[in-house]
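Dear colleague,

I am passing on the structure we spoke about, with some notes on what came out of going through it. Please have the model open while you read.

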Amino acid sequence: MLDANQETGSADRIELSIRKKFHKSIFSRFARAINEYQLLKEGDKVAVCISGGKDSMLMAKCFQELQRHRKFYFELVFLVMDPGYCKANRRQIEQNAQMMNLPITMFETQIFDSVDHIEKSPCYLCARMRRGYLYSKAKELGCNKIALGHHYDDVIETILMSMLYSGQIQTMMPKLHSTNFAGMELIRPLYLVREDDIKHWRDYHGLHFLQCACHFTEQCEHTDNKEMTSKRQEIKELIRSLKVMNPYIEGNLFKSVENVNLHTIIAYKQNGQKHHFLDTYEIQES
């Protein structure tokens, strides 16, 4: 364990770097997403959900910085769910939070045990269960929003994954109303922050965070079975290879869901209803 002086100093250095060295690449993009997508309103109480990874830990520090210079009042709860971590992983989260001056609120679930026997899409089920527990606990604590640490690269990877594996065009939205928890909303403040910049911040401070720490991930690390490989990792590698041919590929993927031309779309869904170009084709001619 670090002594008190080291803990304070580390937190101070991390906070200073967000204000100075990483202001343009990280904090300004964080603040831009907050403003551009209207993620915060006066009086909000936000559960900043910390998984123990680099993204959510950085998001928590950015929220602290934003609160110091806030233009209106909002509250923060730094919420950590333990889905069944081993003792070492849980201890790492707690030590990182202490060193980074993050006053976390932790609660326990048994999600890892629940999905451990699932062979098909365990990550999807795990993510859904995690979100449900986070919504429930956040609402219990009086929050009206939960903040997740998804970043720019997650957004463009989701676009490609949806097209290649699901046969549809959709993306990860910057905010969503909850369908199961009335009055609750999900926000993604790192929406415009690049993963490479997050890694740079992490490595600059020599920080060590959790990856996923579930049993499925551990199996992937100790097997050559390609069926166990993460689909998202496959997409990361695909984007990396496409970038060699076109350096603008990432920006173009992101913009593609902002510049949808419905006149050149065969069909689309809105509010659960499917619309086809033939519905209005004859009308347009007349």
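Is Arg194 buried or exposed? With a relative accessible area of 17%, Arg194 counts as buried, since the cut-off for that class is under 20%. Please keep in mind throughout that this is a predicted model.

Arg194 also takes part in a salt bridge, its side chain meeting that of Asp153 at 3.1 Å, N to O. The two residues are 41 apart in sequence and link distant parts of the chain, with Asp153 in helix H7 and Arg194 in the loop between strand E6 (185-187) and helix H8 (195-204). Asp153 is buried as well, at a relative accessible area of 8%.

The search of the whole structure finds 20 salt bridges, and two others may interest you. In one of them, Arg68 and Glu15 meet through their side chains at 3.3 Å, N to O; this pair, too, links distant parts of the chain, as Arg68 belongs to helix H3 and Glu15 to helix H1 (residues 4-19), 53 residues apart. Here Arg68 is partly exposed at 42% relative accessible area, whereas Glu15 is buried at 8%. In the other, the closest N and O atoms of Glu250 and Lys243 are 3.1 Å apart, and salt bridges that share partners also join Lys54, Asp55, Asp154, Glu157, Glu195, Arg232 and Lys236 into one network. Lys243 sits in helix H10 (residues 231-245) and is partly exposed at 37%, while Glu250 is buried at 11%; leaving aside residues up to four places away in sequence, Lys243 touches Ile249 and Glu250.

Turning to the strands, all six residues of E1 (residues 45-50) are buried, so this strand is largely enclosed by the rest of the structure. Both of its faces are covered, with Lys45, Ala47 and Cys49 buried on one side and Val46, Val48 and Ile50 buried on the other. E1 runs parallel to strand E2 (residues 75-82), to which six bridges join it, and Cys49 has Leu79 as its bridge partner there. Together with helix H3 (residues 54-68), E1 and E2 make a right-handed β-α-β unit. E1 is also joined by three bridges to strand E4 (residues 145-147), again in parallel, where Val46 is partnered by Lys145.

Finally, on the surface, Met163, Leu164, Tyr165, Ile169 and Leu238 make a nonpolar patch of about 490 Å², to which helix H7 (residues 152-166) gives the largest share, three residues, with Leu164 placed in that helix.

With best wishes

Technical notes:
Residues are numbered from 1 along each chain as its sequence is written. This is a predicted model: local features need pLDDT of at least 70, side-chain atom pairs count only at pLDDT 80 or more; totals for chains, interfaces and linings use all residues. Side-chain values use heavy atoms; hydrogens and water are left out. Buried means under 20% relative accessible area, exposed over 50%, partly exposed in between (1.4 Å probe, protein chains only). Helices (H or I, at least four residues) and strands (E, at least two) are DSSP runs, numbered from the N terminus. Two strands pair if DSSP finds at least two bridges between them. A crossover is right-handed if, with the strands pointing away from the viewer, the path from the first strand over the helix to the second runs clockwise. Contact means heavy atoms within 4.5 Å. Patches are made of residues with over 30% relative accessible area and no salt bridge: like charges are joined within 9 Å, nonpolar side chains (Val, Leu, Ile, Met, Phe, Trp, Tyr) within 5 Å. Accessible areas come from the Shrake-Rupley method with a 1.4 Å probe; for residues, only the protein chains shown count as cover. A salt bridge is a side-chain nitrogen of Lys or Arg within 4 Å of a carboxyl oxygen of Asp or Glu.
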